[in-house]
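Got your viewer open? Let's walk through this one stop at a time, picking what to select as we go.

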Amino acid sequence: MEFTLGQIAALLGGKAEGDENQKVNRLDKIQEGGPGGISFLANEKYEPFLYETDSTAVIVSEDFKPIKPFKTTLIRVKDAYLGFTMLLEAYAQFTKASLVGVEEPSFFHSSSTIGENHYRGAFSYVGKNCQIGKNVKIHPQAYIGNGVKIGDGTIVHPGARICSDTQIGNNCEIFPGAVIGADGFGFAPQPDGTYKAIPQIGNVILEDNVSIGSNTTVDCATMGSTVIKKGAKIDNQVQIAHNVVIGENTVIAAQTGISGSTEIGKNCVIAGKAGIVGHIKIADHTTIGANTGISKSIKKSGQTLFGYMSMDVKDFLRSYTLFKNLDDLEKRIKELEKKG
Amino acid sequence: MEFTLGQIAALLGGKAEGDENQKVNRLDKIQEGGPGGISFLANEKYEPFLYETDSTAVIVSEDFKPIKPFKTTLIRVKDAYLGFTMLLEAYAQFTKASLVGVEEPSFFHSSSTIGENHYRGAFSYVGKNCQIGKNVKIHPQAYIGNGVKIGDGTIVHPGARICSDTQIGNNCEIFPGAVIGADGFGFAPQPDGTYKAIPQIGNVILEDNVSIGSNTTVDCATMGSTVIKKGAKIDNQVQIAHNVVIGENTVIAAQTGISGSTEIGKNCVIAGKAGIVGHIKIADHTTIGANTGISKSIKKSGQTLFGYMSMDVKDFLRSYTLFKNLDDLEKRIKELEKKG
Amino acid sequence: MEFTLGQIAALLGGKAEGDENQKVNRLDKIQEGGPGGISFLANEKYEPFLYETDSTAVIVSEDFKPIKPFKTTLIRVKDAYLGFTMLLEAYAQFTKASLVGVEEPSFFHSSSTIGENHYRGAFSYVGKNCQIGKNVKIHPQAYIGNGVKIGDGTIVHPGARICSDTQIGNNCEIFPGAVIGADGFGFAPQPDGTYKAIPQIGNVILEDNVSIGSNTTVDCATMGSTVIKKGAKIDNQVQIAHNVVIGENTVIAAQTGISGSTEIGKNCVIAGKAGIVGHIKIADHTTIGANTGISKSIKKSGQTLFGYMSMDVKDFLRSYTLFKNLDDLEKRIKELEKKG
């Protein structure tokens with residue numbers, strides 16, 4: 001799609017300083033911009049690129065004062081970063097809205113229903129007794145098992161797997177290769193040393209506005225539900241075990257693992273590769289550093305934790321600094337022993 | 001499906017205390033039970049819920065003595081937990097047994113064979129020269145390459161990938177997105193700094209009763225076989241490299257990684273996020289803690305190991321406690337130095 | 001396929017000592033060899049197997065001097081290991097070259113193009129406006145979004161997902177379940193505690209000879225490109241976030257994670273389960289140990305780093321040795337304190 005600078009200025013409530021009829025069809029970084037592209041300048045670090053860019057237009061803030069000549073056309077808006085973000089969103093919305101229809105072959109069981117403006121890609125599968133809302137986009141090769149409920153505006157990307165009885169809210173996004181609602185890891189040890197699978201008959205509930213990253217796994221509950229509350233954002237390759245509860249607006253970065261029946265509070269921030277044991281509770285507004293191991297409940301909200309077996313982040317860093325020089329410490333003890 | 005309390009009591013060898021003709025169609029947690037559901041009470045911690053539950057029936061042990069009035073119907077059995085587990089299994093068996101037939105389109109090469117009572121879901125793929133047993137369930141979008149052998153009763157879940165020449169035993173379960181038998185990571189460094197792929201011509205063997213979790217990867221051997229022995233249970237997002245051997249009844253939790261050619265003994269328990277280097281041997285009955293790094297062979301069986309570079313778990317915890325207060329230790333040394 | 005020992009000797013520029021008309025159809029480990037198989041002996045540790053093997057033939061080095069009788073036929077070449085590798089490669093090339101044609105149903109948008117000698121497996125999907133070179137193999141259930149470019153000789157394995165606008169060079173290999181170019185993890189915090197997705201409009205570029213392991217995820221850039229330069233080899237379950245750059249011939253082992261906008265130099269070796277924070281630079285020829293955390297830029301090239309928060313590997317091991325005996329250290333301080 002192609003827009004004039006006048007259209008874009010109007011969309012952003014700003015003003016184009018130059019020929020409003022010039023057309024752009026692409027969003028560019030200012031340092032990589034070319035003809036037909038539109039960029040933005042929000043951080044003064046990037047200002048030198050403005051004087052050299054070949055972008056057709058650059059979004060700048062109202063009060064920006066250039067100090068050198070330039071070729072591009074400025075579009076002045078109240079907040080350049082926000083303006084660019086609005087453009088990004090308009091672009092994303094347009095792309096999504098235009099994805100409508102059914103590609104064949106696809107599989108859709110006759111007992112299931114789906115609302116208007118949907119997309120179902122080739123080789124997508126929808127099982128029995130599903131209730132799927134409107135504006136839902138089911139990409140190619142996505143799998144939706146039996147008895148699944150999906151709200152309006154949710155996107156299921158290529159090859160994502162939504163297993164039976166999962167319930168998904170409105171405006172969720174499930175990225176490629178994610179597996180939602182497969183069996184949890186539950187085995188009962190037998191007297192002869194073998195293990196017997198404990199049937200996992202619960203499900204997964206994703207509330208509204210939840211995002212699940214590529215190749216992440218969210219196991220169904222043994223009984224009851226594994227729940228990811230509204231607004232939670234989960235990155236790629238995260239493992240969420242059976243009966244876990246993730247609070248509202250909690251953010252979890254890639255490769256973190258959360259063991260069974262643990263409850264994470266709301267508005268927590270968990271960095272990548274963290275590991276959290278099962279059957280504990282993490283208070284609201286907890287921050288957990290990258291690669292941190294959590295083995296006990298966190299009761300006081302608002303803490304920042306870090307370390308192999310987590311501690312307060314400042315305490316950990318103090319200990320780790322000494323750990324790095326443990327050799328020195330040992331020498332000082334030796335010295336003292338000699339003297340003694 | 002729906003059963004009367006009388007039918008359930010008969011199945012469990014127990015007795016319903018009340019109207020045997022009431023019907024249930026769902027298994028519920030006692031604290032979340034509703035009409036039409038059946039729950040169990042095995043842990044006295046949950047006894048208060050019995051007096052409030054809306055579940056139609058609750059399975060209790062023979063000797064349970066209620067201390068308050070309640071609305072639900074009790075089904076008395078020898079062991080309430082075991083009784084409920086039997087119900088779960090009956091439910092799971094029924095669900096699995098009823099999955100029979102072929103959904104189209106699906107791909108099944110004419111040179112391959114499959115036994116009776118199978119299910120092949122839409123968009124599933126079976127390549128050339130495969131020999132597949134009876135009661136095998138190949139879910140939608142599952143992939144089975146050329147020359148694969150699969151025993152009776154095995155389930156291949158949606159989107160699992162079984163690459164060429166893999167051999168799978170009876171009653172295995174491969175969860176969604178698992179990849180069995182893709183190339184191992186083998187590259188020969190060249191004089192010019194580039195790498196050349198070493199062809200990986202071996203395969204993977206899964207013996208009977210093996211379970212492989214969602215999005216787990218098990219690489220084929222460079223030559224010979226990567227082997228997972230009978231009864232081993234592997235959780236989600238585990239990485240098992242080429243030529244690894246996993247012993248019988250060994251259990252490995254999520255996000256653990258095992259490097260090439262390592263051999264793990266039988267009846268080991270490996271917690272989540274552990275990392276094990278290549279070319280070592282781990283003795284039978286070894287327990288490895290979460291997030292533990294193992295860099296040397298473990299020769300004595302029955303040990304419990306833990307830590308960033310693994311040690312005996314008690315030693316690690318003692319050292320870690322001092323690490324947490326390393327600052328204090330340093331201060332004590334400083335104090336001594338002043339005195340000296 | 002089947003070859004005579006004479007044909008194999010000719011291919012390897014060597015000589016068969018025995019009946020050149022014997023046929024082999026399989027590559028075997030010497031310790032597991034059987035009739036119809038060909039093995040190699042490059043490491044003297046395996047010499048005892050030569051005197052017992054049932055392999056039809058064994059490749060040995062020119063100067064090998066047997067010290068006992070044996071049944072197999074020797075094929076003498078300059079370098080036994082290299083000779084066997086040549087055989088492996090010939091086998092792999094043959095297997096790949098013979099995979100040509102289209103299995104139906106498959107989806108290929110009419111606006112896309114693909115070169116000669118291609119394979120497109122059943123249930124594979126190619127979206128709009130793709131430009132795909134010759135000798136490309138798109139396996140069953142693979143997904144290729146809109147506007148993707150793929151060079152000659154690249155292999156996309158079953159169920160790999162190449163999202164829209166990805167650019168892939170020549171002779172790349174993308175293993176099953178890998179996800180290339182899905183959205184990066186970018187969310188802007190809102191005043192009410194919720195998060196808003198930042199549209200990710202960039203792409204992924206894989207240069208020539210790149211290998212991406214099973215279930216690995218490479219996110220598209222927010223703007224611009226996430227780039228994996230030529231010859232880089234990435235193992236299974238690696239996470240590469242938006243706007244990361246991986247240098248030429250860098251090798252990354254399984255379960256490592258690299259956060260957004262980090263640039264890794266060329267010819268680095270990164271072991272399994274390492275974690276690298278965002279927005280840093282790693283110098284060329286850096287070696288990073290297993291499970292190592294990197295939180296700062298590495299400016300000097302050629303270092304070897306290790307540890308929970310990385311240090312020079314020797315320093316870490318010295319500190320860790322003392323950490324293991326921290327209890328002793330504390331006792332020595334206590335002793336000194338008593339004396340003081």
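In which sense do strand 2 and strand 7 of chain B pair, and over how many bridges? Select residues 15-17 and strand 7 of chain B: the two pair in the antiparallel sense, over 3 bridges. Strands here are DSSP runs (E, at least two residues), numbered from the N terminus, and two strands pair if DSSP finds at least two bridges between them.

Before going on, some ground rules: this is a predicted model, where local features need pLDDT of at least 70, side-chain atom pairs count only at pLDDT 80 or more, and totals for chains, interfaces and linings use all residues. Residues are numbered from 1 along each chain as its sequence is written, chains are lettered from A and ligands numbered from 1 in the order in which they are written, and side-chain values use heavy atoms, with hydrogens and water left out.

**Stop 1: strand 7 of chain B**

Stay with residues 73-77 of chain B. B:Lys15 stands opposite B:Arg76 in this strand. Now add strand 6 (residues 57-61) of chain B, which pairs with strand 7 in the parallel sense over 5 bridges. There, B:Val58 sits opposite B:Leu74.

Turn on the side chains. In a regular strand they alternate between the two faces of the sheet. Here B:Thr73, B:Ile75 and B:Val77 point one way, B:Leu74 and B:Arg76 point the other way, and all are buried (under 20% relative accessible area; exposed is over 50%, partly exposed in between, with a 1.4 Å probe and protein chains only).

**Stop 2: strand 7 of chain C**

Hop over to residues 73-77 of chain C, where 5 of 5 residues are buried. Strand 2 of chain C pairs with strand 7 in the antiparallel sense over 3 bridges, and C:Glu17 has C:Leu74 as its bridge partner. Strand 6 of chain C pairs with strand 7 in the parallel sense over 5 bridges, with C:Val60 opposite C:Arg76.

How do you lay chain B on chain C? Turn by 120 degrees with 0.0 Å of shift along the axis, and the RMSD is 0.1 Å. The two copies are thus related as by a three-fold rotation axis. Superposition is by least squares on the C-alpha atoms of residues with pLDDT of at least 70 in both copies.

**Stop 3: the open sheet of chain B**

Back in chain B, look for an open sheet of 10 strands, paired in parallel, in the order 9-12-15-18-21-26-29-32-35-38. Strand 9 (107-108) and strand 38 (293-294) stand at the edges with a single partner each, so one side of each has no neighbour in the sheet. Within the sheet, select residues 161-162 and 179-180: strands 18 and 21 run parallel, joined by 2 bridges. One partnership to find is B:Ile162 with B:Ile180.

**Stop 4: A:Ile228**

Is A:Ile228 buried or exposed? At 0% relative accessibility, A:Ile228 counts as buried. You'll find A:Ile228 in strand 27 (residues 225-228) of chain A. Among the residues that A:Ile228 touches are A:Ile205, A:Val210 and A:Ile246, leaving out those up to four places away in sequence (contact means heavy atoms within 4.5 Å).

**Last stop: the confidence scores**

Colour chain A by pLDDT, the predictor's confidence in each residue, from 0 to 100. Chain A averages 94, and 99% of the residues score at least 70. For the complex, the predictor gives an ipTM of 0.91 and a pTM of 0.93.

Notes:
Helices (H or I, at least four residues) and strands (E, at least two) are DSSP runs, numbered from the N terminus.
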